[in-house]
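Colleague: Could you take me on a close look at the interior of this model, meaning its main nonpolar core and the spaces around that core? I would like one connected account, please.

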Amino acid sequence: MKEKSQQSLIKLFLREARLIAKDHSVLLTVLIAPLLYAFFYGSIYINKEEFEVKLAVVDDDQSQLSRLLQQNIDNSPIVDLIHFSNLKEAQEAMYSGNCQGYFYIPEGIEKNLLSLKQSNVVLAVNAARFIPSSDLLMSVQQICLTIGAGVRLQYFQKSEGMSTAASMDNVMPVNLDYRPLFNERSSYGAFLLPGLLALILQQTLLIGLSESVAGERQHFRLKDWLSDGISNGIWGKGLFYLLLFSSYGFFFLNVNYKLLNLPMRGNGFELGILLLLFIITLIPMAQFIGSFFKSQLICLQVMAFSTYPIFLITGYSWPFESLPVVLRWLSNLLPTTPFIAMYTGIVQSGASLRETPSTLLHLMMLLVFYSTVCHLRLLYLSTTDFRRKKRFSFL
């Protein structure tokens, strides 16, 4: 019995390989799209950080301090200063898109600082583009605080005769020791790319396999597909995708990660187990979804449309706790949600599967759920299809 089941799985595996070779739509989705998207999207964020973001500067103080301030800002790899003689020209440059903001140094800033009076500089950024404005704010703010503290330190040392330690206590009574963990440069690319590669793997599998199942219905091949039993049909067809996308996952983690210079801090063996469990869960889910379509084209359109919503509600791009309750319930039905939580923990934080048993259990429960509903759905389709054919033959 066991040998017969193995032969059935191999037969269905070879059958699926032959069908994909003849179906150009599925062939492009499962053989070309994963690699094309992984390298294309990866190349967009390969630098991970922005460099030389243009910032207009207007210096009305013309002091040694203002020049020091501009020199330090311009030395930052993130900022490229463009000098203007008056504020109006700098504002026009920002409004026209020639720079991402302007930095205004008013007259008397050095005099006020040396007399321990509060001094204000103006940083206006184009927040319509979030990443450049955020990078400019972080860089300029840090430099301004550092130079301001340095001026006050010199004042206390020279005017008050304080020691360096005593001067530091007066300048910075509370010292913030800021240490970003795991994504040390706080770069957008290092945050986005690991999740993006996982999403590419998921969506190409879901689209390709659900499209294949829709093709079985469209071309009236359900009886041939499920002739050896529904379980054999599900896992015989799924075996091809399991081997193919496991290979893609191995390729992404060993080739794309190195090319994109992404960290992999966790245990590779545990990550492989997690990836394998994730793909196995996606297989019955994709077949369950595809069983509701009688047209491959409609299935492809619907599944392609689902990519961005799935990415948004899984808690990767936006905190899961901040989602509306309805979307959280919907998100919990997606294998992506527990997988992304464990995957990013292993890859970026060096976590272990043992540290998140509830999330691992969540993924296993989804595997059981989708295997069950897929089996019931295909049982229903095979039964109704048999009755319909019997009725037509009687007529």
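Modeller: Happy to; what follows starts with the chain as a whole, goes on to the core, and then turns to the cavities, a pocket and two individual residues.

Please keep in mind that this is a predicted model. The mean pLDDT of the protein chain is 83, and 86% of its residues reach 70 or more. Confidence varies by element: H11 has the highest mean pLDDT, at 94, while helix H7 (residues 164-171) has the lowest, at 60. I would set residues 390-395 aside in this tour, as pLDDT stays under 50 there and the model has zero contacts for them beyond four places in sequence.

The protein chain has 395 residues, of which 43% count as buried. Its elements are 16 helices and four strands. If we take the contacts with a separation of 6 or more, 78% of them are between residues 24 or more positions apart.

Now to the core itself. The largest nonpolar core holds 57 residues, and those touching the most other members are Val30, Tyr241, Phe245, Leu274, Ile279, Phe339 and Tyr343. Two or more residues come from each of helix H2 (24-44), helix H8 (188-218), helix H10 (230-259), helix H11 (268-290), helix H12 (296-305), helix H13 (307-313), helix H15 (336-349) and helix H16 (357-394). The biggest contributor is H8, which gives 13 residues to this core. As background, nonpolar side chains in soluble globular proteins tend to be buried together.

Which residues does valine 30 contact, leaving aside neighbours within four places in sequence? They are Ile20, Thr204, Gly208, Tyr241, Leu244, Phe245 and Tyr248. Two of these partners, Tyr241 and Phe245, are themselves among the core members that touch the most others. There is also a second, separate core of 16 residues, including Leu65, Ile73, Ile109 and Val140.

Next come the enclosed spaces, and there are two cavities of 30 Å³ or more. The largest has a volume of about 90 Å³. Around the largest cavity we find Leu197, Ala198, Leu201, Gly249, Phe252, Leu253, Tyr257, Leu271, Leu275, Phe339 and Tyr343. H8, H10, H11 and H15 are the elements that give two or more residues to this lining, and H10 gives the most, with four. By class, the lining of the largest cavity has 10 nonpolar residues, one polar and no charged. Phe339 and Tyr343 tie this cavity to the core: they line the largest cavity, and they are listed with the core members that touch the most others.

The second largest cavity has a volume of about 30 Å³. Its lining is made of Gly195, Leu199, Phe311, Thr314, Thr336 and Ile340, with H8 and H15 each supplying at least two residues. Here the classes divide into three nonpolar, three polar and no charged.

H8 also takes part in an open space, the second largest pocket. About 630 Å³ of space lies in that pocket. It is lined by 23 residues, and the closest to its centre are Tyr41, Leu196, Leu199, Ile200 and Thr307. H2, H8 and H13 each supply at least two residues of the pocket lining, and H8 gives the most, with nine residues. The lining has 18 nonpolar, five polar and no charged residues. Leu199 is worth finding on your screen, as it lines the second largest cavity and is also listed with the residues closest to the centre of the second largest pocket.

Two single residues complete the picture. The first is glutamine 296, found in helix H12. Is glutamine 296 buried or exposed? Its relative accessibility is 10%, so glutamine 296 counts as buried. Not counting residues up to four places away in sequence, glutamine 296 touches Asp23, Val26, Glu211, Ala214, Gly215, Gln218 and His219.

The other is phenylalanine 51, in the loop between H2 and strand S1 (53-59). Phenylalanine 51 has a relative accessible area of 47% and is therefore partly exposed. Beyond four places in sequence, phenylalanine 51 touches Pro77 and Ile78. The C-alpha atom of phenylalanine 51 is separated by 9.0 Å from that of serine 76, which lies 25 residues apart from phenylalanine 51 along the chain.

Technical notes: Residues are numbered from 1 along each chain as its sequence is written. This is a predicted model: local features need pLDDT of at least 70, side-chain atom pairs count only at pLDDT 80 or more; totals for chains, interfaces and linings use all residues. Side-chain values use heavy atoms; hydrogens and water are left out. A nonpolar core is a set of buried Ala, Val, Leu, Ile, Met, Phe, Trp, Tyr and Cys residues joined through side-chain atoms within 4.5 Å. Buried means under 20% relative accessible area, exposed over 50%, partly exposed in between (1.4 Å probe, protein chains only). Contact means heavy atoms within 4.5 Å. pLDDT is the predictor's confidence in each residue, from 0 to 100. On a 1 Å grid over the protein atoms alone, a cavity is a set of points where a 1.4 Å probe fits but cannot get out, and a pocket is an open set with protein on both sides within 12 Å along at least five of seven lines; lining residues have an atom within 4 Å of a point. Grid points are joined across faces, edges and corners, and a volume is the space filled by probe spheres set on the points. Ala, Val, Leu, Ile, Met, Phe, Trp, Tyr, Cys and Pro count as nonpolar, Asp, Glu, Lys and Arg as charged, and the others, Gly among them, as polar.
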